[in-house]
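User: I should like to go through a protein model by question and answer. Please show the sequence and the structure before we begin.

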Amino acid sequence: MIRASCQSDLPLFSFDMYEVLEEAKGKFTDKVFNPVDVFIIKQATLACIQMDGTRQAISLHRLLNHCETPREIIKFIFIHELIHIIIPSELNGGKIVMHTVKFWEEEKRIIPERNLYWGWMYFHFFPLFRKEKESEGIFIRRGWEKTMAHSRLSLQGYLDLGKVLNENQNSTMAQGL
Ligand SMILES: [Zn+2]
């Protein structure tokens, strides 16, 4: 069952998340999606999608609901969740596998720059991410609320920081030689 929209938090993003969702859908040129709702809720995982045949609902963890979360990150998450509609889970050794090899190939094909987005998320949220052996997906640890007061880098800021760190590393290595 899909949750009622009144339970969603108000988005604090600096962009219209439904506009971003439309852009994400636009990445799938040959696919017409049933209506997709978006919810921002208290949940165990970073994001997930629920499907009930005629409607789909993407839910985002409250951790993402920050005015400085880059638009591209949310778009990437939307695309990732939409791929789940197209590439169904597979049964492997009695276990349901959501992120199959085919799934990751499709994500790479649609979003070749996906490592940048994963990188941004790991940079900002790494201590909060928890992977569970038994289930797939990224679970959020307790205490994530504290990070909501911290500032978040733009994607460009994140890329620039990477360059500075690389340069520093190179110069340190050069000095060491
Ligand atoms: Zn997924």
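User: In which hand does α2 pass α3 in their crossing?

Analyst: This is a predicted model, in which local features need pLDDT of at least 70, side-chain atom pairs count only at pLDDT 80 or more, and totals for chains, interfaces and linings use all residues. Residues are numbered from 1 along each chain as its sequence is written. A crossing is left-handed if the near helix is turned anticlockwise from the far one by less than a right angle, and right-handed if clockwise. The crossing of α2 past α3 is right-handed.

User: Which residues of α3 (101-110) make the contact with α2?

Analyst: The axes of α2 and α3 come within 10 Å and cross at roughly 135 degrees; axes are lines fitted to C-alpha atoms, for helices over the stretch in contact, and angles run from 0 to 180 degrees between N-to-C directions. That makes α2 oblique to α3, since angles under 35 degrees count as roughly parallel, over 145 as roughly antiparallel, 65 to 115 as roughly perpendicular and the rest as oblique. Contact requires C-beta atoms, placed from the backbone, within 7 Å. From α2 come Ile79, His80 and Ile83, and from α3 Phe103, Glu106, Glu107 and Ile110.

User: How do the residues of the contact of α1 with α2 divide into nonpolar, polar and charged?

Analyst: Helices α1 (residues 17-26) and α2 pack at about 50 degrees with their axes 9 Å apart, and are therefore oblique to each other. The α1 side includes Met17, Val20 and Leu21, and the α2 side includes Ile74, Phe78 and Leu82. Ala, Val, Leu, Ile, Met, Phe, Trp, Tyr, Cys and Pro count as nonpolar, Asp, Glu, Lys and Arg as charged, and the others, Gly among them, as polar. The division is 8 nonpolar, no polar and 4 charged.

User: How many helices and strands does the protein chain have?

Analyst: Helices (H or I, at least four residues) and strands (E, at least two) are DSSP runs, numbered from the N terminus. The order of elements from that end is α-β-β-β-α-β-β-α-α-β-β-α. The count is 5 helices and 7 strands.

User: In what order do the 3 strands of the open sheet lie?

Analyst: Two strands pair if DSSP finds at least two bridges between them. β1 and β3 pair in the parallel sense over 6 bridges, whereas 5 bridges join β2 to β3 (residues 56-61) in an antiparallel run. The pairing of the sheet is mixed, and the order is β1-β3-β2.

User: Which side chains of β1 point to one face and are buried?

Analyst: A residue is buried if 20 or more other C-beta atoms lie within 10 Å of its own, exposed if 12 or fewer, and partly exposed in between. Side chains alternate along β1, and Asp37, Phe39 and Ile41 point to the other face and are not buried. Val38 has Ile58 as its bridge partner in β3. Those that are buried are Val36, Val38 and Ile40.

User: Is Arg141 buried or exposed?

Analyst: Arg141 lies in the loop between β7 (138-140) and α5 (155-176). Leaving aside residues up to four places away in sequence, Arg141 touches Leu128 and Arg130. Because Arg141 has 11 other C-beta atoms within 10 Å, the residue is exposed.

Methods: Contact = placed C-beta atoms within 7 Å.
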